[in-house]
Amino acid sequence: MASIELKDFYHTYDARMGKGETSSFCIENLNIKWGDGKAIALLGPSGCGKTTLLNAISGLIHPKGGSILFNGQDVTALSTKERHVAQVFQFPVVYDSMDVYGNLAFPLKNDRVPRNEIDRRVKEIAGILEIEDLLELPAGNLIPADKQKVSLGRGIIRPDTAAVLLDEPLTVIDPKLQWTLRRKLKQVQRQLGITMVYVTHDQHEALTFADIVTIMSNDGKIAQTGTPEEIHNDPYTPFVGYFIGSPGMNIMECSITSTGFDFDDFAIPIPVGLNEQTLSAGDNYQFGIRPEFVQASMESRDGWLPFTIEIVEDTGAYKITTLKAGKHKIKARIPEEMPVVENNPLWVHFPDKHIKLFQGNKRVF
Amino acid sequence: MNNRAWLFLLPMLIIMSLSAFIPLMTVVNYSLHYIFSGSMPQYVGLANYLEVMRDSSFQNALGRQLIFSTMVLVVQIPLGIMIALALPKKGTGATISLVLLGIPLLIPYIVVGIVWRLFTQSDIGVVPKVLALFGYAYNVALDPIDAPLTIFLLDVWHWTPLVVLLCYAGLQSIPDAFYQAAQIDGASTWKTFRYVTLPKLRPVLILAVLLRFMDSFKIYSEPLLLTGGGPGSSTTYLSLFVARKAESYELGYAGAVSVIYLFVVVTFSFIFFQIMKNLGKGEHSR
């Protein structure tokens, strides 16, 4: 097992977009350090470079700059095989011409491990993954979820596996089995204490799987690394706030005056605890609040802001409302029993302790 | 059952019966008769078949055909795979190679035959001249080895590109992840080919083997133009043999040969298909 560290990582490539057109893609000055034996999720929108980063860690591509360190040792120049990294792909990869046993044994056979040792190891791994019954079956005939288990099994069968990289491994799995397979992944990770890097664009997958979540933004930069709780409660940037949560954090442009936050169409008093220094910084602030923390009332209340209800989405357990006031649109999660009607007014309040303030893409409060 | 579906199939069934089924049945009918020009056919049961089976000229033609078809598969399939693997995967190079490979497939058989005839003709051809420089007296018209070998090489030149194109398309459809996984699993180049490429090419290879096998039986215009089936009968393959018999109005005999011919092709194709369908699927590793 190993800790993984990327130092000043730099990579670009040109993607062909059709005749003559190219779009260059770039990851620049990226620094990450992930601890040994951790379940790590690399979360970001599609096309932000997650897979590129993953392929660089496994050695399938070589970065144009910077270095990759496992346990502090530079592995940038090493081949995929020498890095002892396993990778599980989006589409389950099994060797059709072998049975499940052969698939699991394949990496060990390539390493010329003695036969009885292979047998012992295959049985051990099959036991962990609960696929003992499948060992004799042709791998090509399995359902995707089992193929993905075999694929993972090939990854963890080498005793010296430094890390297992998973590239959106649940995408093609039947939704009913996704949950079971994710539990299995997590269990294997715990049981073997393997460093696992799980790439996904699905925040739910990321947050439920990982000890540590690293969020990449569209421009190929690391937006934040932290525990799921930190990511949710303390977003460093408006992007993280908006990207995490369903729906994501409400972000509104505002300026600060002597009396409070000015949103042009309405204003609210300055929350307690916001220090003078921050306040003096001027305007161009971004005000953030999560939909679940927006308080709502059907009647006018003192100091609460009147919004118009635009859309009501009823999930059964709660309602998500889209509210409008002037140029601002926000979402609020409100109790199921509140009888809200579209186009009617709703009064809202932003509790002080849940207000986040950003300036120039950084958290200031 | 949806009865209307049959309505949509009807035009196809009519065309099929006119173009294939009725002629086939006619041939079967012929094969059961002695037919003399202008006189009434006389029903003889399986007598024609017995005659064909006993005829050493038929046995020789069939043997020659089977050797030719086997060589076609043994050489063209691996060669096709190798060329497909060696081709550039994308870019201008790929386009150019594919166009070049397509050219032999676009030329009409007759033209192919004539071009090769000009190349190999003993008095004016460039092939005999060049080979003479190396001390080899090549003569396609007289040498019973040179003639079939030339026909075979012509076929390799003409039809290997088809195998290449099929394999190339098959290779393109293998997702990169399979190769990346093999790389991560530490597989050698050979093992990657053996356990990733080859199994993934199976459907395409089944098609290639069947097409090439069936087509190889149809070889006709090439020997006709190049060697006229000779010297002796060294390039009289089954199609040419049948045609010669039909031309000499031995219609009953030719009909019997045709039916046996069809039986041989269908039987072998079926066997190949059955073998390849399950070859190396989920091999037990213990």
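Modeller: Before we start, domain bounds here come from an automatic or database domain assignment. This is a predicted model, where local features need pLDDT of at least 70 and side-chain atom pairs count only at pLDDT 80 or more, while totals for chains, interfaces and linings use all residues. Residues are numbered from 1 along each chain as its sequence is written, with chains lettered from A and ligands numbered from 1 in the order in which they are written.

Biologist: How far apart do the C-alpha centres of domain 1 and domain 2 of chain A lie?

Modeller: The assignment splits chain A into domain 1 (4–243) and domain 2 (251–363). Between their C-alpha centres, the distance is 39 Å.

Biologist: And which element gives the largest share of the side of chain A that touches chain B?

Modeller: Residues are in contact if their C-beta atoms, placed from the backbone, lie within 7 Å. Chain A puts in 29 residues and chain B 21 residues. Helices (H or I, at least four residues) and strands (E, at least two) are DSSP runs, numbered from the N terminus. With 6 residues, the largest share on chain A's side comes from α3(A).

Biologist: Over in chain B, how is α2(B) oriented relative to α12(B)?

Modeller: Axes are lines fitted to C-alpha atoms, for helices over the stretch in contact, and angles run from 0 to 180 degrees between N-to-C directions. Helix α2 (residues 47–54) and helix α12 (residues 251–278) of chain B pack at about 75°, their axes 9 Å apart. Angles under 35 degrees count as roughly parallel, over 145 as roughly antiparallel, 65 to 115 as roughly perpendicular and the rest as oblique. So α2(B) is, relative to α12(B), roughly perpendicular.

Note on methods:
Two residues are in contact if their C-beta atoms, placed from the backbone, lie within 7 Å.
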